[in-house]
Amino acid sequence: MLVLSRQRDESIIIGDNIVVTVVDIRGDKVRLGIEAPPEVSVHRREVYEAIQREKRQKAAQTPSKAESQTPSQEEKNNR
């Protein structure tokens, strides 16, 4: 892990198109501003983990394509 020190209004750049700026520091809390292209998802870790958990639950509940086929469909697909 890369650890950097920054003061208010200072930034770091990730790759060519992501900028993270220290917006405010209050006690033990730091507010960050993140500029990223729309195709890059930006989430707090706890939100990201909740999204991943939901995706796993939905995948476990959704039958796979092979399980949902009837024998006649499987026979047609094997010809």
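This section describes the fold, strand pairing and selected side-chain environments of a predicted model of one protein chain.

The protein chain comprises three helices and three strands. Read from the N terminus, these elements follow the order β-β-β-α-α-α. Of the 79 residues in the protein chain, 8% count as buried. The exposed area of the chain amounts to about 7,500 Å², of which carbon and sulfur atoms supply 50%. Where contacts link residues at least 6 apart in sequence, 0% of them join residues at least 24 apart.

Confidence was examined for the chain and for its elements. The mean pLDDT of the protein chain is 88, and 80% of the residues score at least 70. Strand E1, spanning residues 11-14, has the highest confidence, at 98. The lowest confidence is found in helix H2, residues 65-68, where the mean is 56.

The strands are paired in an antiparallel manner. E1 and strand E2, the latter covering residues 18-26, run antiparallel and are joined by four bridges. Within this pairing, Ile12 has Val20 of E2 as its bridge partner, and Ile14 is matched with Ile18 of E2. Three residues separate the two strands in the E1-E2 hairpin, in which Gly15 adopts a positive phi near 65°. On the other side of the sequence of E2, strand E3 occupies residues 29-35. E2 and E3 also run antiparallel, with seven bridges between them. Their hairpin has two residues between the strands, and Gly27 in the turn shows a positive phi of about 60°.

Two polar residues of E2 were considered in detail. Thr21 lies in strand E2 and stands opposite Gly33 in E3. With a relative accessibility of 17%, Thr21 is classed as buried because this value falls under the 20% cut-off. The side chain of Thr21 forms a polar contact with the side chain of Ser11, at 2.7 Å. When residues up to four places away in sequence are not counted, Thr21 touches Asp9, Glu10 and Ser11, together with Arg31, Leu32 and Gly33.

Asp24 is likewise located in strand E2. The relative accessible area of Asp24 is 12%, which is under 20%, and the residue is therefore buried. A polar contact of 3.1 Å connects the side chain of Asp24 with the side chain of Arg8. Apart from neighbours within four places in sequence, the residues in contact with Asp24 are Arg8, Lys29, Val30 and Arg31. Arg31 thus appears in the contact lists of Thr21 and of Asp24.

A further polar residue was examined outside the strands. Arg44 is placed in the loop that lies between strand E3 and helix H1, the helix spanning residues 45-61. The relative accessibility of Arg44 is 55%; because this is over 50%, the residue counts as exposed. The side chain of Arg44 makes a polar contact with the side chain of Glu46, at 2.7 Å. In contrast to exposed Arg44, Thr21 is buried, as is Asp24.

Definitions and conventions: Residues are numbered from 1 along each chain as its sequence is written. Side-chain values use heavy atoms; hydrogens and water are left out. Buried means under 20% relative accessible area, exposed over 50%, partly exposed in between (1.4 Å probe, protein chains only). A polar contact is a pair of N or O atoms within 3.5 Å; within protein, one must be able to donate a hydrogen and the other to accept it, and residues adjacent in sequence count only if both atoms are side-chain atoms. pLDDT is the predictor's confidence in each residue, from 0 to 100. Two strands pair if DSSP finds at least two bridges between them. Contact means heavy atoms within 4.5 Å. Accessible areas come from the Shrake-Rupley method with a 1.4 Å probe; for residues, only the protein chains shown count as cover.
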